[in-house]
Amino acid sequence: MKNIEHRFEVVENRRLTSRTFLMRLRGPEWVIEQPGQFVNLAIEGKYLRRPISVCDYEGDTVTLLYDTVGEGTSEMSRWAPGYVADILAPLGTGFDPLRGGDSPLLLGGGIGVAPLYRLARELKAGGKKPCVILGFNTAADVVWADEFRALGVDTHVATVDGSEGTKGFVTDVEAIHDAAHTYFYACGPLPMLRALCAALPVDGELSLEARMACGFGVCMCCSLETRDGARRICKDGPVFRKEDLIWK
């Protein structure tokens, strides 16, 4: 535990939408090792930590995007600059940018867009041409699309009500059918991930969401059955390869 428990100071914590917040923290340099890894934050008065995907990292700064969905994340939204958070990091197995080929497709649903940002940065820096498709319920929920575009990445938005971008889901965006896509990376709700596995003919990696207790593979509460047997989402994942997953 002593190797992964750190103290991070909040340097920014602000609202982006009615429920989504951006938090930047400063801590040990280069704690995060892979895009798609997560951190586990201690919440005062709560027994269990809160797992949050890492959006970006640079030097000693880590950027998180998170939704306020309960008492724990609501408490996080009140952390002011200067607050020192107790964080376990790095946790989990992230995305492998080397598998993506020349034209990978990145698909995020809701707060699932967060871990794809660092991945897009690394793919772009490696000379690849990623295409990004982000899905939300309404235009009021859209986050981080401009940040992806600022990377020079081809970025598309879908909203269920059609208030921004394509009306429908990420699977309804025309760009998803481009035969040039060499691989896909995805993070979002389980129905979205299931639909992508059925719709996309190329191989890919998917980041799964799960309730976690310890966050580092001891309690076994987030196990799932894969084609290679039982795996822990927090330790062996949260990123799994498409061919390893069993959809029931």
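Here, "buried" means under 20% relative accessible area. Keep that cut-off handy as you click through this predicted model.

**Stop 1: a pair of rings**

Select Phe95 and Tyr185; both of them are buried. Their ring centres are 5.6 Å apart and the planes sit at 90 degrees, so this is an edge-to-face pair. Now colour by position along the chain. Phe95 belongs to the loop between strand 6 (84-91) and strand 7, while Tyr185 is in strand 11, so the two rings tie together parts that are 90 residues apart in sequence. Add Tyr183 to your selection, and you have one aromatic cluster made of Phe95, Tyr183 and Tyr185. How many aromatic pairs does the structure hold? There are 6.

**Stop 2: strand 11**

Stay with Tyr185 and show the whole of strand 11 (183-187). Is this strand enclosed or open? Its residues are buried, 5 of the 5, so the rest of the structure largely encloses it. In a regular strand, side chains alternate between the two faces of the sheet. Turn the view and you can check both faces here: Tyr183, Tyr185 and Cys187 are on one side, Phe184 and Ala186 are on the other, and all are buried.

Next, bring in the neighbours. Strand 7 (104-109) pairs with strand 11 in the parallel sense, over 5 bridges. Click Leu105 and look for its bridge partner in strand 11, which is Phe184. Strand 12 (residues 204-207) also runs parallel to strand 11, with 4 bridges between them. There, Gly204 stands opposite Phe184. Add helix 4 (residues 190-199) to the view, and strand 11, helix 4 and strand 12 make up a right-handed β-α-β unit.

**Stop 3: helix 2**

Move on to helix 2, residues 114-125, whose buried residues include Leu116, Tyr117, Arg118 and Leu123. What do the buried residues of this helix pack against? Show strand 4 (50-58), strand 5 (61-67), strand 7, helix 3 (145-150) and strand 11 to see the full set.

Zoom in on Tyr117 and add Trp144; both are buried. The ring centres of Tyr117 and Trp144 are 5.9 Å apart and their planes are at 80 degrees, so this pair is edge-to-face. Tyr117 is in helix 2 and Trp144 is in the loop between strand 8 (131-136) and helix 3, so the pair joins parts 27 residues apart in sequence.

Now click Arg118. Its charged end sits over the ring of Tyr57, 4.0 Å from the ring's centre. Arg118 also belongs to a network of salt bridges with shared partners, along with Asp56, Glu58, Arg121 and Glu122. Just past the end of the helix, pick out Gly127, which takes a positive phi of about 85 degrees.

**Stop 4: salt bridges**

Side chains of opposite charge can pair when their charged atoms come close. The count of salt bridges in this model comes to 21. Try Arg7 and Asp86, which meet at 3.2 Å, N to O. This pair links distant parts of the chain, with Arg7 in strand 1 (residues 5-15) and Asp86 in strand 6, 79 residues apart. Is Asp86 buried or exposed? It is buried, at a relative accessible area of 17%.

Finish with Lys128 and Asp102, a salt bridge at 3.5 Å, N to O. Lys128 is in the loop between helix 2 and strand 8, and Asp102 is in the loop between strand 6 and strand 7, 26 residues apart. Lys128 is partly exposed, with a relative accessible area of 27%.

Definitions and conventions:
Residues numbered from 1 in each chain as written. Predicted model: local features only at pLDDT ≥ 70, side-chain atom pairs only at ≥ 80, totals over all residues. Heavy atoms only, no water. Buried < 20%, exposed > 50% of the residue type's maximum accessible area, 1.4 Å probe, protein only. Helix = DSSP H or I, 4+ residues; strand = E, 2+ residues; numbered from the N terminus. Contact = heavy atoms within 4.5 Å. Phe/Tyr/Trp six-rings, centres within 6.5 Å; stacked < 30°, edge-to-face > 60°. Lys NZ or Arg CZ within 6 Å of the ring centre and 35° of its normal. Pairing = 2+ DSSP bridges. Right-handed = clockwise from strand over helix to strand, strands pointing away. Salt bridge = Lys/Arg side-chain N within 4 Å of Asp/Glu carboxyl O.
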